[in-house]
Number of protein chains: 2
Amino acid sequence: MQNLVNRQVRLGARPADIPQAEHFVLAEAAVPDPGEGEIVVRNQFLSVEPAMRGWVSAVANYSAPVGLGEVMRAFASGEVIASRHRDFAPGDKVTGLFGWQDYAVVTPAAVTRKVTETDLPLSLSLGVLGLNGVTAYFGLTEVGEPRAGDTVVVSTAAGAVGSAVGQIAKIAGCRTVGIAGGAAKAAQCCDAFGFDAAIDYKAAGDLGAAIAAACPGGVDVYFDNTAGRVSDAVLPHLAMRARVVICGTASVSSWETWPTGPRVERHLLVKRARMQGLLVFDYQARYGEAIARLAAWVREGRLAYAEDILDGIEAAPDAIAGLYRGENRGKRLIRLHA
Amino acid sequence: MQNLVNRQVRLGARPADIPQAEHFVLAEAAVPDPGEGEIVVRNQFLSVEPAMRGWVSAVANYSAPVGLGEVMRAFASGEVIASRHRDFAPGDKVTGLFGWQDYAVVTPAAVTRKVTETDLPLSLSLGVLGLNGVTAYFGLTEVGEPRAGDTVVVSTAAGAVGSAVGQIAKIAGCRTVGIAGGAAKAAQCCDAFGFDAAIDYKAAGDLGAAIAAACPGGVDVYFDNTAGRVSDAVLPHLAMRARVVICGTASVSSWETWPTGPRVERHLLVKRARMQGLLVFDYQARYGEAIARLAAWVREGRLAYAEDILDGIEAAPDAIAGLYRGENRGKRLIRLHA
C-alpha cells in the first residue's frame with residue numbers, strides 16, 4: 001500500500017491518571033501490504049472513551065497496557081480497502097480494534113463485526129450500535145433485570161451508555177431517573193432521552209433528598225457509571241431486592257491511592273440487594289442479538305442518541321481529557337476523511 | 001396457669017449500640033391461661049444472637065424495635081404444656097419467637113416449626129437445625145452458589161453460622177478457608193469443622209497476604225458475617241465472577257455514625273463479581289427442605305456443631321455483650337429447668 005500515508009496517534013508517555021494531550025504524539029508511517037489472512041481497513045470514525053484511561057494505565061486491568069510508542073488502542077469503524085482473507089472483501093464496512101490511525105492492517109481477530117445495518121450511519125457502530133449500546137443492553141437486562149413498574153436510576157445519564165440505559169428501561173416499562181452533571185445535561189436527559197425525571201448533581205444541594213423525592217418508592221435498579229458521591233447518595237434509597245449494576249467508576253480519578261466511601265454492606269443486607277460488576281466483553285457471543293434489537297429501536301425512533309464528533313485525527317490526543325472535563329454532549333468520535 | 005411463675009428478661013433501657021447487662025431487668029409475672037387458639041410453651045432453651053443488637057435498636061430495621069418494658073424478643077425451644085389449638089398437643093416440641101422467659105402464651109404465628117427430629121438434642125433447633133444452620137444453608141447455596149473446586153472463605157468461621165457454612169461448602173466439594181479471631185477459634189475451624197485452612201485475623205500481621213497465601217486461585221465465594229477490616233482484606237483477592245454473601249456486619253459496632261471503608265466498586269467491576277445481602281426469613285417457605293438436609297448431615301456425622309450453653313435465665317442479660325466480646329465457643333444458648 002505504498003501510496004498511502006498512515007497518520008497515527010501513539011502513546012508517548014504514561015499518564016499517572018487521566019491521559020492528557022501531552023501523553024500522545026502524532027506520527028506518520030507507511031501502510032504495509034496485507035499478509036496472507038490480513039485485511040486493510042481505512043478508518044472513518046475513531047472512538048474516544050473513558051475506559052481509555054485504564055488502557056494506558058500501568059496498573060493491571062482487563063488487558064495489557066498500551067506500550068509506549070505504540071498506536072493508541074481504540075475502537076474504530078471503516079471500510080475494507082484490501083483483503084487477503086476470504087471472509088472480507090473491499091467495500092465491507094467493519095468495526096473493531098483498529099487504533100487511532102488512518103489505516104489498520106489486521107487479521108479478523110481485530111474485527112468486532114461487519115456492520116450490516118448500512119441504512120444507518122456508520123458512526124453508530126461505535127456508539128448506540130457499538131459497545132456503548134451493547135453495554136447498556138446487557139448491563140440493564142442481564143444484570144439489572146428490570147421489571148415493568150420498576151424505578152431505574154442511571155448515573156452519567158446523558159452519556160452514551162446512560163442515555164441508552166434510560167431508553168431501554170422505558171421500553172421495558174420502567175420509570176427512569178437520570179443523574180447528570182450540569183443543567184444542560186440534566187435537561188438533555190428528559191428532552192432528548194425521555195427520562196421521567198433528571199437530577200443535576202452539581203446543583204442539588206442535598207443529593208440524597210433529591211433522589212428520595214424523585215424515587216418515592218425507592219430505587220429498584222441503579223445503573224452505576226460513576227461510583228463516588230453520586231452512588232453514595234443513591235444507595236441509602238435502594239428498594240427491597242434492588243439491583244446495582246456496576247458498569248464504571250468515572251468519578252474516581254485514580255485508584256493508585258484506593259478511595260474510601262460509606263460502607264455498603266448494611267444497605268445490601270437490610271434491602272437484600274445486590275451489586276454486580278459488568279464487563280460487556282463477557283457477552284461477546286451475544287452481541288448480534290443486542291445489536292439487532294438496538295438497531296430496530298433506532299429505526300422505530302424509540303432509541304435516540306447523541307454524538308459529539310470532532311474532525312481530524314489532530315483532535316484525538318486531547319479528546320480523552322475532554323471527556324473527563326465533561327465537555328462532550330454525546331458519544332465522542334473523531335471523524336477522518338471528512 | 002395460676003400455679004406457675006414466669007421469670008422474664010425485659011428491656012429496661014435502650015442501648016446506643018451493643019446491649020449490655022444493665023439494659024435488661026429480670027422480673028416475674030403470672031402465666032395467663034391460654035385463650036382460644038393459643039398454646040402455652042415451657043421454654044427449655046433460649047437463644048442468644050448477634051442480631052439482637054438490631055432488635056433493641058431504635059433505628060429502622062427488619063422489624064419494629066423491642067419496646068421498653070417488653071420481654072426481650074428471642075427465639076426459644078420448648079415443650080407445649082397446654083393447648084387450645086387443634087394443631088398442637090401437650091408434649092409437642094416447638095421452636096419459635098417465645099422470648100427470654102420461662103413460659104410463652106402464644107398463637108401459632110409465633111411458632112417457627114414443630115421439632116420433629118426428636119432423636120437429636122432439642123438445643124439444635126436453635127443452632128445448626130435452627131436459623132443459624134438455615135442461614136448457612138440458603139446463604140451459601142442460593143446466594144453463594146458454590147461449585148465443586150471453588151475456594152470458599154468464611155468470616156467468623158468458628159461461629160454458629162460460619163462453621164455450618166464451611167462444612168456445607170466441603171460437602172459441595174469446595175476448598176474452605178476460615179477466618180476467626182484468636183488462635184483457639186482458628187484451631188477449632190480446622191479441628192472441629194474441617195476447614196482446609198484457617199486464619200487468625202488478630203495474629204495475622206498482613207491479613208491480605210495471609211488470605212492470598214491461603215487462596216492461591218483467588219476467592220470464589222466469600223461468606224461475610226463481619227464487614228469491616230476482614231472484608232476489606234478479602235475483597236482484593238476475589239476470583240473472577242466471585243460471589244460475596246453479605247450475611248452480617250458483626251465487626252461494626254454502630255451504624256449511627258456510618259462507617260467508611262475502601263470502595264468496593266472496582267473489585268466488583270474488574271472481577272465481574274457480585275455482593276448480595278441475605279436475610280434468612282425470605283426463605284421461610286423452604287425451611288423444611290433445609291432442616292431435613294441439615295439433620296441428615298448431622299446424623300451422618302458430616303455436620304459438626306459447637307454449643308456454648310449458659311445455665312439459668314440470670315445469665316441472659318449479659319449474654320449478648322459476651323458474644324460481642326468474643327467469649328463464646330459455639331452457638332450461645334441459655335438452658336432453663338436444668
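Here are some questions and answers about a predicted two-chain model.

Reader: Before we start, what pLDDT do local features need here?
Author: Residues count from 1 along each chain as its sequence is written, and chains are lettered from A, ligands numbered from 1, in the order in which they are written. This is a predicted model where totals for chains, interfaces and linings use all residues, side-chain atom pairs count only at pLDDT 80 or more, and local features need pLDDT of at least 70.

Reader: Is helix H3 of chain A largely enclosed or open, and how many of its residues are buried?
Author: Helices here are DSSP runs of H or I with at least four residues, strands are E runs of at least two, and both are numbered from the N terminus. Buried means 20 or more other C-beta atoms within 10 Å of a residue's own (12 or fewer is exposed, in between is partly exposed; C-beta atoms are placed from the backbone). H3(A) is largely enclosed by the rest of the structure, because the buried count among its twelve residues is ten.

Reader: Which strand around residues 331-335 do those buried residues pack against?
Author: Contact means C-beta atoms, placed from the backbone, within 7 Å. The packing partners in chain A include helix H2 (131-144), helix H4 (183-193) and, at 331-335, strand S16.

Reader: Which residue just after H3(A) has a positive phi?
Author: Look right past the end of the helix, which covers residues 160-171. There, a phi of about 90° is taken by A:Gly173.

Reader: How many residues of chain A touch chain B, and how many of those are charged?
Author: Chain A puts 25 residues in contact with 25 of chain B. Nonpolar means Ala, Val, Leu, Ile, Met, Phe, Trp, Tyr, Cys or Pro, charged means Asp, Glu, Lys or Arg, and the others, Gly among them, are polar. Chain A's side has 13 nonpolar and five polar residues, and the charged ones number seven.

Reader: What is the bridge partner of A:Pro262 in S13(B)?
Author: Strands pair if DSSP finds at least two bridges between them. S13(A) and S13(B) (residues 260-262) run antiparallel, joined by three bridges. Opposite A:Pro262 is B:Thr260.

Reader: What relation links the two chains?
Author: Copies are superposed by least squares on C-alpha atoms of residues with pLDDT of at least 70 in both. Chain A lands on chain B after a 180° rotation with 0.1 Å of shift along the axis, at RMSD 0.0 Å. That is the relation of a two-fold axis.

How values were computed
Expected span 1.5 Å × (residues − 1). Contact = placed C-beta atoms within 7 Å.
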